[in-house]
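Trainee: Could you take me closely through a single part of this model, showing how that part is placed among its neighbours?

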Amino acid sequence: MDSLLKHMVDMTGHRDHAMLDISVVSAVQELAAAAQARVWSISTIGDRTWVRMRASIAAGGRARVEDAHDSALPGQPLEAFPELAACLARRETSALACGPQSMRTLWLPIWLGDQAATCLEIVRHTPFRAATIHTIAGIVGVYRNFQNLLDYSERDSLTGLLNRKTFEDQLARMLQCPGEQEPPLPGQLERRCSNGEEKGWLAVVDVDHFKMVNDTFGHLYGDEVLILIANQLQASFRSRDRVFRFGGEEFVILLRSTTLEHARRIIDRFRSNVEAYAFPQVGRVTVSIGFVSISPYDSPVVTLGHADQALYFAKTNGRNQTCHYDELVERGLLKTVASNDTAEFF
Ligand SMILES: Nc1nc2c(ncn2[C@@H]2O[C@H](COP(=O)(O)OP(=O)(O)OP(=O)(O)O)[C@@H](O)[C@H]2O)c(=O)[nH]1
């Protein structure tokens, strides 16, 4: 019982989703004497559902946050996990699968209403005892309630993305140390603050002609477009990048340390995914994007202002494109004004 209480205290002591994930996998792994425990994100884009690992722990090891999402795919297709797929289709709260050599896998989707955006997976080499499953169900209940509380204060109610209040806190952390947004989590190698050409990046995304979507199809379809774009955003970036709804039809992305070439490629890949997507009833929707590197020497207002300038350039020069602030300045298309550190068009 001491161990259970210790885990409960640990789980409810965090104000951060990544640390909460670390706590819950550590708790269920130890309490179930599991060979492995993992937390997965579940996201649906169009008619396909994807799962992406967020945190994991193996027996005898340390819990770690997974951050290996560099592929063009938003995770692994749900079909690769047939027991989980069947469990979700039946809206069930658990599924037990038997593998070779009496290996057992317990899937525990975390339902919020009719949505399960998170799932726990616990693997044992011997059968689960009823008392163990009962204890784990209690842990999952606390985890779900606590996730709910964090979401309520941090997330936009329409899209589920992080809200502006959280943005300012995250940007301040990245500005303090652009190469390392947060202290290393358990199981991650400590990295240096700044790493050659790698920088943090801020991108501002604005839906093109969104007023026309509302005017033509109505606000409900407008809202659905925003939700689908939010899903695309969440699926397009790594789990430790941050995606926010900033207000109305404007979104902001904070990209963790990477090179200019890579930042441009992944930001523009998101833009072209939106362009290629057939929005129900509405059809084609495009977005314009401005982005800039995050410098510890610039204030949040200045950094955001530069990304906004690049976005405005994209808007006034054809829309449906990604523009890099520094490149526009270098090409003489934007001018920085030394006196107040903002930029103006020629
Ligand atoms: N459906 C819906 N519409 C919203 C929401 N928030 C803001 N809007 C609408 O978004 C529209 C934004 O329009 P504008 O700022 O004129 O921009 P735009 O039509 O996208 O034009 P450009 O940005 O220049 O391409 C307005 O009609 C707002 O009412 C929301 O939560 N849901």
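**A close look at strand β7**

Mentor: In this predicted model, strand β1 (residues 36-45) pairs with β7 in the antiparallel sense, over six bridges, and within that pairing Ser41 has Thr118 of β7 as its bridge partner. Strand β6 (residues 104-112) also pairs with β7 in the antiparallel sense, here over nine bridges, and one of the bridge partners is Ala116 in β7, which is matched with Trp111. The connection between β6 and β7 is a hairpin with two residues between the strands, and Gly113 in the turn has a positive phi of about 65°. As for burial, seven of the ten residues of β7 (residues 115-124) are buried, so the strand is largely enclosed by the rest of the structure. It helps to keep in mind that side chains in a regular strand alternate between the two faces of the sheet, and that in soluble globular proteins nonpolar side chains tend to be buried together.

For the wider setting, we can turn to the nonpolar cores. The largest nonpolar core has 45 residues, and Leu202, Ala203, Ile253, Ile289, Phe291, Ala307 and Ala310 are those with the most contacts inside it. A second, separate core of 35 residues includes Cys119, together with Ala34, Ile136 and Val140; since residues 115-124 make up β7, Cys119 ties the strand to this second core.

Conventions. Residues are numbered from 1 along each chain as its sequence is written. This is a predicted model: local features need pLDDT of at least 70, side-chain atom pairs count only at pLDDT 80 or more; totals for chains, interfaces and linings use all residues. A residue is buried if 20 or more other C-beta atoms lie within 10 Å of its own, exposed if 12 or fewer, and partly exposed in between; C-beta atoms are placed from the backbone. Helices (H or I, at least four residues) and strands (E, at least two) are DSSP runs, numbered from the N terminus. Two strands pair if DSSP finds at least two bridges between them. A nonpolar core is a set of buried Ala, Val, Leu, Ile, Met, Phe, Trp, Tyr and Cys residues joined through C-beta atoms within 7 Å.
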